[in-house]
Amino acid sequence: MIRRARGVVRASTLLRSLALVVVVGLVLLFLSNTFSAYRDLQLAEAAYYFCVLAGLTVLAGSSGQVSLGHGAFMAVGAYTVAKLANAGWALAPELAAAVVATLIIGIPMGVACSRLRGPYLAGATLAFAVGLPAVADKFPAFLGGENGLSINPPTPPASLGTTFPLERWEAWIACIGALIVLFVLYNLTHSGVGRALRAVRDDEIAASLAGLRIGRWQTLAFAVSAAAAGLGGGLLVVVTQLATPGAFPLQLSLTLLAGVVIGGLGSLWGAAWGAALLVLLPNWTNDVANSISLSTNVSHNLPIAVYGAVLIVAMLMWPSGIQGGVRALVGAVRPALAGRGGSAGRSSTERGGNAGDVPAGDREAGDRVPEAGTKTPSGS
Amino acid sequence: MTKFIDLTLNGISTGAIYAAVALALVLIWRSTRIVNFAQGAMLMFTTFIASAVISSGGSYVLGFVVALASGFVLGGVVERVVVRPVENAPPLNAVILTLGLYTLLVAIAGMIWGNSPRSFPAAFSLHGYTVGGTTLLFTPNDTFIVLVVIFVAVLLALLFRRTTLGLRMRASAFAPEVARLLGVRVGRMLTLGWSLAAMVGALAGVLVAPSVFLGPNSFDPILIIGFVAAVLGGLDSPPGAVVGGLVLGLATSYVSGYEGDALVPLAALVILMLVLMLRPTGLFAATRERRV
């Protein structure tokens, strides 16, 4: 009976993703209730970083493109939310509008850049990341110039009690946003869309012979990824109550890229690792800098240096990131467990689902392995 | 009208600098099919080295030579140590790698020299020429910039077209297997290509530093405009890079003159978008475009 229920859940991507969202949501709820205010704030930060990184990892892992402009897309979402909040909009429509605004800017960029291969998207998005923050200076009356726009903090509903901490409420909002992104992107990458994107990434000629319009799929991947970044930026304003040009420098976009590469390109779990790291790493390097009393020049630049070094080392030695390591570990443990318990429980549908993000990591290593699902003998 | 003439003259001298950056990008693209996003940080680093030489008592000429030499060495080391392993990997790896290098170099420069911008001396006077009572925005230093960049471009053209070494480098870039069979040391040629490119980049850094100040991040817009110039010229063609650099120099000069400095990178982005939409192969190259 239980076995049959598990079979049903495995067979349907939608049910599987819902189960995932519920489980992750409950874990986050539990964590946020045990956390201090400071930790709750960090959780909220990690949640909005997750939105952006998940979008970026789908773009890089599924369609083989990379964007350096996601910091600027965050800025678009952030300013949209700040403007609308000051105009008296409610939270949910505000965030939805942030997504729409980002799409309006992201789609034309994706169209323009999908016409040529190679590093054009990277270059164009780089220009976007450097250029966009200046727009706020250009329209000081509308966008607040250097000082940016500030909004009022969200108020926890009265039903949660008067002593409910603001940070926890912000963490809840950000986590709900992250869960929505997780749900949408999980379904996207595990559906026909995800397969089409991977086909386009791995062999353009074969994909177009199979009837796929290459440019359109790449534009779609870019648009989805930009929308996720816009939501992340909107959540950032909800958490920090401030949208300034200085919050979205080129460095932010590069840091985001480092986050997805460290976590593991192409994997949603990798995006979660990356988000946690982006929040925790500056704290760690600060502690290190303080404990051995480095000069401010050095300690200020230490996190950035770490990101840069990690990007280089990861590309040279360990392109699959943290999630690649976790996967290797699971891969080593799982056959042992399966061998002990009689491997019949491992249905092939699950393999097919999980295989979705495996080649992304492996492909970065340069050796093109076939999908993991086809490599292993069928378990059932 | 005088403002227009001033902006045009100014555009020619900044255009020469963009042309040098674009040349550096094109040289690397031709030899290894990689866009070197670390170029901006590499030329920032060599300019800081020149600045250190000059501020510790060295002459401008010494600083200039040291910048070019350190660019030559840095380019070669970067190719040998970090770029070589990803040359045959998927293009995304090289993009991420050069961005990592960019990030690392910016951080190291910040650690050594601090994040606040400092001034950098110019080779010649920064007072404009006087023609018929009005002072133009074109200075003796601008003349120097334009002449140096023309000199370097001609030198590179002669190297690639008239010498055996240039022929070997072109052969290594276009048909590495055949070149290797004929006894060309392909790896060495690729390293040399990166060294030359980084040297041209270092030149651009020293030339532009007096007008933008010198800080770890102050050359970001120049890299982007150089990239757009290279794409405009087709990313494959050195003459295209020079023309693209001049076009971008003029365009950005008008934008910053009439609309303000802040919009220059966005104007570059708009030009890039228009090029990619209307003529995605650039003005000079024969790359195949792809239909959406």
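**Exercise 1. Take stock of chain A.** State how many helices and strands chain A has, and what share of chain A is buried.

*Solution.*
Step 1. Count the elements. In this predicted model, chain A has 19 helices and two strands.
Step 2. Look at burial. Chain A holds 380 residues, and 49% of them are buried.
Step 3. Turn to contacts with a separation of 6 or more. In chain A, 78% of these join residues 24 or more positions apart.

**Exercise 2. Describe how helix 13 and helix 15 of chain A pack.** Are they parallel, perpendicular or oblique to each other?

*Solution.*
Step 1. Find the two elements. Helix 13 of chain A covers residues 250-263, and helix 15 of chain A covers residues 296-317.
Step 2. Read the geometry. The axes are 10 Å apart, and the packing angle is about 45°.
Step 3. Classify the angle. Values between 35 and 65 degrees are neither roughly parallel nor roughly perpendicular. Helix 13 and helix 15 of chain A are therefore oblique to each other.
Step 4. Give the hand. The crossing of helix 13 and helix 15 of chain A is left-handed.
Step 5. List the partners. Helix 13 of chain A brings A:Gln251, A:Leu254, A:Thr255, A:Ala258, A:Val261 and A:Ile262. Helix 15 of chain A brings A:Ile304, A:Tyr307, A:Val310, A:Leu311 and A:Ala314.
Step 6. Sort them by class. Nine are nonpolar, two are polar and none is charged.

**Exercise 3. Place A:Gln251.** Is A:Gln251 buried, exposed or partly exposed?

*Solution.*
Step 1. Locate the residue. A:Gln251 sits in helix 13 of chain A.
Step 2. Count its neighbours. A:Gln251 has 18 C-beta neighbours inside 10 Å.
Step 3. Apply the cut-off. A buried residue needs 20 or more, and an exposed one has 12 or fewer. A:Gln251 therefore counts as partly exposed.
Step 4. Check a distance. A:Ala158 is 93 residues from A:Gln251 along the chain, and their C-alpha atoms are separated by 39 Å.

**Exercise 4. Compare two helix pairs in chain B.** What are the angle and axis distance for helix 3 with helix 8 of chain B, and for helix 5 with helix 6 of chain B?

*Solution.*
Step 1. Take helix 3 (residues 60-83) and helix 8 (residues 186-212) of chain B. They pack at about 145°, with axes 7 Å apart.
Step 2. Give the hand. Helix 3 of chain B crosses helix 8 of chain B in a right-handed way.
Step 3. Inspect the contact. Among its residues are B:Phe64, B:Gly71 and B:Glu79 of helix 3, and B:Trp194, B:Gly201 and B:Val206 of helix 8 of chain B. By class, this contact of helix 3 with helix 8 of chain B has 14 nonpolar, eight polar and two charged residues.
Step 4. Take helix 5 (residues 140-162) and helix 6 (residues 164-174) of chain B. Their axes come within 5 Å and cross at roughly 80°.
Step 5. Classify that angle. The range for roughly perpendicular is 65 to 115 degrees. Helix 5 of chain B is therefore roughly perpendicular to helix 6 of chain B.
Step 6. Name the partners. Helix 5 of chain B uses B:Leu159, B:Phe160, B:Arg161 and B:Arg162. Helix 6 of chain B uses B:Leu165, B:Gly166, B:Met169 and B:Arg170.
Step 7. Sort them. The contact of helix 5 with helix 6 of chain B has four nonpolar, one polar and three charged residues.

**Exercise 5. Examine two loop residues.** Where do A:Gln241 and B:Arg33 lie?

*Solution.*
Step 1. Place A:Gln241. It is in the loop between helix 12 and strand 2 (242-243) of chain A.
Step 2. Read its backbone. Phi of A:Gln241 is near 60°, a positive value in a residue other than glycine.
Step 3. Judge its exposure. A:Gln241 has 16 other C-beta atoms within 10 Å, so it is partly exposed.
Step 4. Place B:Arg33. It lies in the loop between helix 1 (2-32) and helix 2 (39-55) of chain B.
Step 5. Repeat the checks. Phi of B:Arg33 is near 55°, again positive in a residue other than glycine. B:Arg33 has 16 C-beta neighbours inside 10 Å, so it counts as partly exposed.

**Exercise 6. Examine the meeting of the two chains and the core.** Which helix of chain B gives the most to the side that touches chain A?

*Solution.*
Step 1. Count both sides. The contact takes 48 residues from chain A and 47 residues from chain B.
Step 2. Find the helices. Helix 4 (91-113), helix 9 (220-232) and helix 11 (264-278) of chain B each supply at least two residues of the side that touches chain A.
Step 3. Pick the top one. Helix 4 of chain B gives the most, with 16 residues.
Step 4. Sort the side of chain B that touches chain A. It has 36 nonpolar, seven polar and four charged residues.
Step 5. Go to the largest nonpolar core. It has 215 residues, and B:Ala20 and B:Val228 have the most contacts inside it. Helix 12 (residues 214-240) of chain A gives the largest share of this core, 17 residues.
Step 6. Follow B:Val228. Leaving out residues up to four places away in sequence, B:Val228 touches A:Ala127, B:Leu248, B:Ala268, B:Ile271 and B:Leu272.

Key:
Residues numbered from 1 in each chain as written. Chains lettered and ligands numbered in written order. Predicted model: local features only at pLDDT ≥ 70, side-chain atom pairs only at ≥ 80, totals over all residues. Contact = placed C-beta atoms within 7 Å. Helix = DSSP H or I, 4+ residues; strand = E, 2+ residues; numbered from the N terminus. Nonpolar A, V, L, I, M, F, W, Y, C, P; charged D, E, K, R; others polar. Core = buried A, V, L, I, M, F, W, Y, C linked by C-beta atoms within 7 Å. Axes fitted to C-alpha atoms, helices over the stretch in contact; angles between N-to-C directions. Parallel < 35°, antiparallel > 145°, perpendicular 65-115°, else oblique. Left-handed = near helix turned anticlockwise from the far one by under 90°.
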